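Thank you all for making time this morning. I would like to walk through one chain with you, moving from its interior to its sheets, then to a pocket, and ending with some details of the backbone.

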Amino acid sequence: MATNPVNLGSSSIDVASIVTNLVANKRKAQDAKNTADSQANATQISAVGNCTSSLTSLQSAIKALTNGTAFTTTKTSVGDSTILSAAADSTAQPNVYNVAVTQLATSQKTTSGAFTDSKSALGTGNLTISIGDKSMSVDIASGANTLENIRDIINKAKDNPGVTASIVTGKDGAHLVLTSSVTGKDNAFKVVTSGGDGKLSQLDFDPATGTPTVAAQDAEFTIDGLAASSPTNVVTKAIDGVTLTLSKVSAKDNGTPPAAIPTAVTITNDTSAVSSALSSLVTSYNSFISTYQQLTKYDATNQQVGALIGDATVNSIKNQVSTLLGSQFTGNTSGPTSLSDLGVAFQVDGSLKLDTTKLNKALADNPKETQNLLSGDSGIAPKLDKLITSWTSTTGILTQRQNNLNQKTKDLQDQAADFDKQMQDYSDRLTKQYTALDAMMTKLAGTSSYLQQQFDALTANK
């Protein structure tokens, strides 16, 4: 009896699609939760970061008040700026000084006799140039003893004590010009030659016996009639905290003998520095309040809720800052006792506004009390600085909050990774089970087909 080949067939189970759909369905709720938790945590990190940033910006803005430098900033003015200029640092005290310049500091310059040209040969021998206890000594040899050679040898000498050489050519010929690089009578230089053919002696010069082209001298001036001098025209030690730069000798009056006419150097406190510092405080506080309001708002119309709405920590911080800025200062027995006395007032929306006219009046009428209120040991700025540091330092509550949120981010990532592994195990298990089912169904389908063929064959032979 002939039989047809057995058709094993297939169960036609789409294992991949079944497993994918089952896994997706099982992880859907957990994925949604993980995403929501991660987004909420990221929003919290951003919100706390914004709050911290606005506070540190406020802290930076009040630095000049915290350390008091806003009150030590000075400005200077000079009656005749062609005579001198002046600059004061934070140690300078307000005052008026009458300064008369009788002599400017100069550096020594000597000019040799005339030679035919710059390539003229001088003599040979040793050339020594000295300034005080510093000196250079060079040998001038035949064949390398022109004016140009000597100029270059002097300028390139490693032990040059501070003299530059140049060549100036006039109607009478070329001259070697030596100039001290620094001013002051103690920086006069001496040129001595020896040995060789003796012709280098044309360059010899002793400021004690000769007359230089320009003599080395100190600047001489008077401050309120007191005689003073300086080796340079930049004077840093005559007046505490003040640098004078002398540029011209003062004119003289018609007295007998004529006296130098002084010019006034006036040093005053720069109140604009305080105004600028207080303006920075107002601007930065308003930025902090704007950030706070944005993070804690509830928008019923758009159903939007701030990331830190109802947050006790943030609310406490805002209240402490606002309370401090609106508090009464007990350190003054007279003068201003609050920021409002300095023209800093709270507005209806919770922001601050500065009235500079009121501030300038307080600075004019009560400068010490104003400084005490803002920058004294118990002043508003130092207190605010300490508060912000306590919140934003490495051990501060906002820093700890940020660290906890960052740790939560890592925990959520670890949870998501663990869940992915669980789902992969689940997927592998389902794939194995459904693959086995598919194999069994395929085998059953093949058996059924074979039986059907046998039955059909028996029926056909009857």
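Let me begin with the largest nonpolar core, which has 44 residues, and in which L55, L65, L278, V321 and L325 are the residues with the most contacts inside it. Please keep in mind throughout that what you see here is a predicted model. At least two residues of this core are supplied by each of α1 (15–61), α4 (271–296), α5 (312–325), β18 (352–354), α6 (356–365), α7 (367–375), α8 (380–392) and α9 (397–461). The largest share, 10 residues, comes from α4. If you would like one residue to centre your view on, take V321, which touches L55, L58, Y285, F288, L384 and W391 once residues up to four places away in sequence are left out of the count. As general background, nonpolar side chains in soluble globular proteins tend to be buried together. Apart from this core lies another one, of 22 residues, and M136, L147, V163 and L203 are among them.

Let me turn to the sheets. There is an open sheet of five strands, with antiparallel pairing, and its order is β1-β14-β3-β10-β11. At its edges are β1 (74–78) and β11 (226–230), each of which pairs on one side only. Ignoring direction, neighbouring strands of this five-stranded sheet are turned by 30° against each other on average. Within it, strand β3, residues 95–103, and strand β10, residues 219–223, pair in the antiparallel sense over four bridges, and the bridge partner of V101 in β10 is F221.

An open sheet of three strands, again with antiparallel pairing, has the order β4-β8-β7. Here the edge strands are β4 (109–111) and β7 (163–170), and each of them pairs on one side only. The average turn between neighbouring strands of this three-stranded sheet, direction ignored, is 20°. Strand β8, residues 173–180, is joined to β7 by eight bridges, and these two strands run antiparallel. One of the partnerships to look at is that of V163, whose bridge partner in β8 is S180; V163 is also among the residues of the 22-residue core I mentioned. Lying across β7 and β8 is helix α3, residues 147–156, which runs at about 160° to β7.

Next, the pocket. How much volume does the largest pocket have? The value is about 330 Å³. It is lined by 17 residues, of which F71, T72, N269, K368 and Q371 are the closest to its centre. The elements that give two or more residues to this lining are α4 and α7, and the largest share, three residues, comes from α7. Both helices came up earlier, since α4 and α7 are also among the elements that supply at least two residues to the largest core.

Finally, there are two backbone details to check on your own screens. T256 and P257 are joined by a cis peptide bond, with omega at about -5°, and P257 is found in the loop between β13 (242–246) and β14 (263–269). The other detail concerns D224, in the loop between β10 and β11, where phi is near 50°, a positive value in a residue other than glycine. Is D224 buried, exposed or partly exposed? It counts as partly exposed, because its relative accessibility is 45%.

Technical notes:
Residues are numbered from 1 along each chain as its sequence is written. This is a predicted model: local features need pLDDT of at least 70, side-chain atom pairs count only at pLDDT 80 or more; totals for chains, interfaces and linings use all residues. Side-chain values use heavy atoms; hydrogens and water are left out. A nonpolar core is a set of buried Ala, Val, Leu, Ile, Met, Phe, Trp, Tyr and Cys residues joined through side-chain atoms within 4.5 Å. Buried means under 20% relative accessible area, exposed over 50%, partly exposed in between (1.4 Å probe, protein chains only). Contact means heavy atoms within 4.5 Å. Two strands pair if DSSP finds at least two bridges between them. Axes are lines fitted to C-alpha atoms, for helices over the stretch in contact, and angles run from 0 to 180 degrees between N-to-C directions. On a 1 Å grid over the protein atoms alone, a cavity is a set of points where a 1.4 Å probe fits but cannot get out, and a pocket is an open set with protein on both sides within 12 Å along at least five of seven lines; lining residues have an atom within 4 Å of a point. Grid points are joined across faces, edges and corners, and a volume is the space filled by probe spheres set on the points.
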